[in-house]
Amino acid sequence: MGSFLRGILCAGMIVLWSTGAWAEGWLQRGLEVFREQPGVSRADQLSDQDIALGLKEALKVGSENVVNYLGREGGFYLDPRAHISLPDGLQQVQHIMNRAGMGRMLDDLELRMNRAAEDAAPGAGQIFADAASEMTLEDARGIFYGPDDSATRYFQARMSDPLSSEFTPAVRQSLAESGAVQAYQEVMARYNELSFVPEVRADLTQHVVDHAISAIFEYLALEEAAIRNNPAKQTTDILRRVFGR
């Protein structure tokens, strides 16, 4: 007798015994047999609540990993993917200052900009938690069946503005405390003393905020894909239940 037919018979027995004292046991066994049949995927066995919990846990674990990585000293500055370069206008200034023997001032400013992003990164944690709490069951089901970065792009669309609002004052304060603002003012004072140079203006705070947020979501997408596909990244029971193979 084929396995699928056995599943049908078990389902029939559930109905026949549904009025008996041990109906619950037969119901459970019938569901288990049915779920073992070919064509019944693991995803089909998950409730919307399971999927939502799994995605929220993936966001929690993934965002913690990203924040811890980028929020350490060198997290932005030493990482080629996350490193924040000078704004375009200041790159032009650096080229001119290099010829004048003052290029190291811009190198120092670039380091301080990255330090500001590293200081601000931990503030993203609570914003991720708040955004996860607002995800609906319908959202969760769509994200679960989407590409490996579906959750990241879902939250990126909803969190970019709140993250910018959170990061802006933190980055502005860090730029001031790290000496980046003073370094920028000194650079521009020296630059403007040179003859026949074009006028340059740069918003350091917005530049750092935009690039920091972009790096956070880029790394979160990598974390999400790893959690979905790598058992070693499925570090909790709900992650193993929802994403395990």
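Helices (H or I, at least four residues) and strands (E, at least two) are taken here as DSSP runs and are numbered from the N terminus. The structure is a predicted model, in which local features need pLDDT of at least 70 and side-chain atom pairs count only at pLDDT 80 or more, whereas totals for chains, interfaces and linings use all residues. Residues are numbered from 1 along each chain as its sequence is written, and side-chain values use heavy atoms, with hydrogens and water left out.

The protein has 11 helices and zero strands, so that the order of elements from the N terminus reads α-α-α-α-α-α-α-α-α-α-α. Of its 245 residues, 41% count as buried, where buried means under 20% relative accessible area, exposed over 50%, and partly exposed in between (1.4 Å probe, protein chains only). The accessible surface, obtained by the Shrake-Rupley method with a 1.4 Å probe, comes to about 13500 Å², and 52% of this area belongs to carbon and sulfur atoms. When contacts (heavy atoms within 4.5 Å) between residues at least 6 apart in sequence are considered, 78% join residues at least 24 apart.

Within helix 5 (residues 104-120) lies Asn114, which counts as buried because its relative accessibility is 0%. A polar atom of the Asn114 side chain is placed 2.8 Å from the backbone oxygen of Glu110. Leaving aside residues up to four places away in sequence, Asn114 touches Phe76, Tyr77, His83 and Ile84.

Helix 8 (residues 150-177) contains 28 residues, for which a rise of 1.5 Å a residue predicts a span of 40 Å, and the 37 Å between its end C-alpha atoms agrees with this value; the expected span is 1.5 Å times one less than the number of residues. Helix 8 nevertheless bends by about 55 degrees at Met159, with a proline, Pro162, following within four residues; the bend is the angle between axes fitted to the seven residues ending at a given position and the seven starting there. After helix 8 comes Gly179, whose phi is positive, near 90 degrees.

A search of the whole structure finds five aromatic pairs. The ring centres of Tyr69 and Tyr219 are 5.4 Å apart with planes at 45 degrees, and the pair is therefore tilted. This pair links distant parts of the chain, since Tyr69 belongs to helix 3 (residues 48-70) and Tyr219 to helix 10 (residues 204-229), 150 residues apart. Tyr69 is partly exposed because its relative accessibility is 28%, whereas Tyr219, at 14%, is buried. The rings of Phe144 and Phe243 are likewise tilted, because their centres lie 6.1 Å apart and their planes meet at 40 degrees. As Phe144 lies in helix 7 (residues 137-144) and Phe243 in helix 11 (residues 237-243), the pair ties together parts that are 99 residues apart in sequence. Both Phe144 and Phe243 are buried, and together with Tyr145 they form one aromatic cluster. For these assignments, rings of Phe, Tyr and Trp (its six-membered ring) pair if their centres lie within 6.5 Å, with planes under 30 degrees apart counted as stacked, over 60 as edge-to-face and the rest as tilted.

Most residues other than glycine have a negative phi. Phe196, by contrast, has a positive phi, near 60 degrees, and is placed in the loop between helix 9 (180-193) and helix 10. With a relative accessibility of 85%, Phe196 counts as exposed.

Conventions. Polar contact = N/O pair within 3.5 Å; in protein donor to acceptor, adjacent residues only side chain to side chain.
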